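Work through the exercises below with the sequence and the structure at hand. Try each task before reading its solution.

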Amino acid sequence: MTLFTRRRLLAGLLLSAVLLSGCAPKPAASGESAGGSGSSVSTPDQSQADAASPQAPGGSQGGAQAPSGSQPPEGGDTQISSPQDSQPVSGPAPLASYDFTQPCPASPAVDNSYFEDAAFVGDSRTEGFMLYSGIGCGEDLSSVGISIFKLADKKVLTIGGQEYTLLEALAQKQYGKVYLCLGVNELGYNNDTGFYNAYCQAIDSIRACQPNAVIYIQGLIPLNENVIAASGGSDYLTNEHLRVYNDLMKQVAQEKQVVFLDLYPEFVGADGQLPAEASNDGVHLKGAYYKAWLEYLKTHTVSYDTLYPTQEAQQA
């Protein structure tokens, strides 16, 4: 090999080395992972969506999040708990509200003075209650034969020489409690949907004129069908239909957010009826049972603030 040939070969080797050195990978910059794989960056839209997501009760964001500062378990990836397992990181627990899906629970007994600012709206059963229970106070807004369908239309009370419907009479002054008990006279109607709608309308009307009152819907006390038959009463007076009405009134109480008083189980006997000795006609009660009715009311009361807590009370 001549000297000229060796020099050309050496120059080619040097040029190749220079060209190869320009293709070498650069070292990763501080804070970047080599190769760029596995990293994620939130887009502006995603960041705004996260910031705008509603806050769950107790201060936690909608969607489960790992607690601040938590570390992944050794040898594994970060694990985020499910919504059922996640706990609020900060913030007060929400105040438990009254459960309108359930009948009024038992409460410490009150005395009769609790009813001094109460109005009792109902039919002849309510009239008997006001006369014979020993309550001694409260406004008697009852009328024999009245039904939920006629509550807003039928003039049945005379006050100061002027005739009023029961709802008009109720609106004459403000009460702290309103007890509504209607349904027995309606058992002959074959219109359960109409009964439900009429009850809803009645609650709306009561609330409109008594916005600060606790409204109680009193479930129907059972009948004794044998005594009704023996005394020549109407054959449409049945406990089967009465129970349907009680269920409908429970639904009204839930929908309208008022209190339901479940009197039925307190007065039903082992045979599914009102005890025969409780009534002369199978419908209206004897004195001792009116007194038992009062005792039930005295041990099933709820305050307005419990039913409808203010935002200040929830934050206290």
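**Exercise 1.** Decide whether K177 is buried or exposed in this predicted model, then find its salt-bridge partner.

*Solution.* Step 1: K177 has a relative accessibility of 11%. Buried means under 20%, so K177 counts as buried.
Step 2: The partner of K177 is D117, and the closest N and O atoms of the two are 2.6 Å apart. A salt bridge requires these atoms to lie within 4 Å.
Step 3: K177 belongs to strand 5 (residues 177-181), while D117 sits in the loop between helix 2 and strand 1. The pair therefore ties together parts that are 60 residues apart in sequence.
Step 4: D117 has a relative accessible area of 33%, so D117 is partly exposed.
A general remark fits here: side chains of opposite charge can pair when their charged atoms come close.

**Exercise 2.** State how many salt bridges the model has, and describe the one between E168 and K155.

*Solution.* Step 1: The count is 6 salt bridges.
Step 2: In the bridge between E168 and K155, the N to O distance is 2.9 Å.
Step 3: E168 is part of helix 4 (residues 166-170), and K155 is in the loop between strand 2 and strand 3, so this pair links parts 13 residues apart in sequence.
Step 4: E168 is partly exposed at 31% relative accessibility. K155 is also partly exposed, with a value of 42%.

**Exercise 3.** Work out how E295 and K298 are placed in helix 9 (residues 287-298).

*Solution.* Step 1: The two residues are 3 apart in this helix, so about one helical turn separates them.
Step 2: E295 and K298 form a salt bridge, with the closest N and O atoms 3.4 Å apart.
Step 3: E295 counts as partly exposed at 43% relative accessibility, whereas K298 counts as buried at 13%.

**Exercise 4.** Describe the surroundings of two serines, S107 and S147, and say whether each is buried or exposed.

*Solution.* Step 1: S107 lies in the loop between helix 2 (44-52) and strand 1 (118-122). Its relative accessible area is 19%, so S107 is buried.
Step 2: Leaving aside residues up to four places away in sequence, S107 touches T299, H300 and T301. A polar atom of the S107 side chain lies 3.0 Å from the backbone nitrogen of T301.
Step 3: S147 is in the loop between strand 2 (139-142) and strand 3 (157-159). With a relative accessible area of 4%, S147 is buried.
Step 4: With the same residues along the sequence left out, S147 touches L182, N185 and E186.

**Exercise 5.** Identify which residues have the most contacts inside the largest nonpolar core, and which helix gives the most to it.

*Solution.* Step 1: The largest nonpolar core has 44 residues, and L151, L170, Y199 and I217 have the most contacts inside it.
Step 2: Several elements each supply at least two residues of this core, including strand 1, helix 4, strand 5 and strand 6 (214-218). Helix 5 gives the most, with 9 residues.
Step 3: Take L151 as an example. Beyond residues up to four places away in sequence, L151 touches V121, T165, L166, L167, L180, L182 and A202.
Step 4: A second, separate core has 30 residues, among them I135, V214, I221 and Y290.

How values were computed
Residues numbered from 1 in each chain as written. Predicted model: local features only at pLDDT ≥ 70, side-chain atom pairs only at ≥ 80, totals over all residues. Heavy atoms only, no water. Helix = DSSP H or I, 4+ residues; strand = E, 2+ residues; numbered from the N terminus. Buried < 20%, exposed > 50% of the residue type's maximum accessible area, 1.4 Å probe, protein only. Polar contact = N/O pair within 3.5 Å; in protein donor to acceptor, adjacent residues only side chain to side chain. Contact = heavy atoms within 4.5 Å. Salt bridge = Lys/Arg side-chain N within 4 Å of Asp/Glu carboxyl O. Core = buried A, V, L, I, M, F, W, Y, C linked by side-chain atoms within 4.5 Å.
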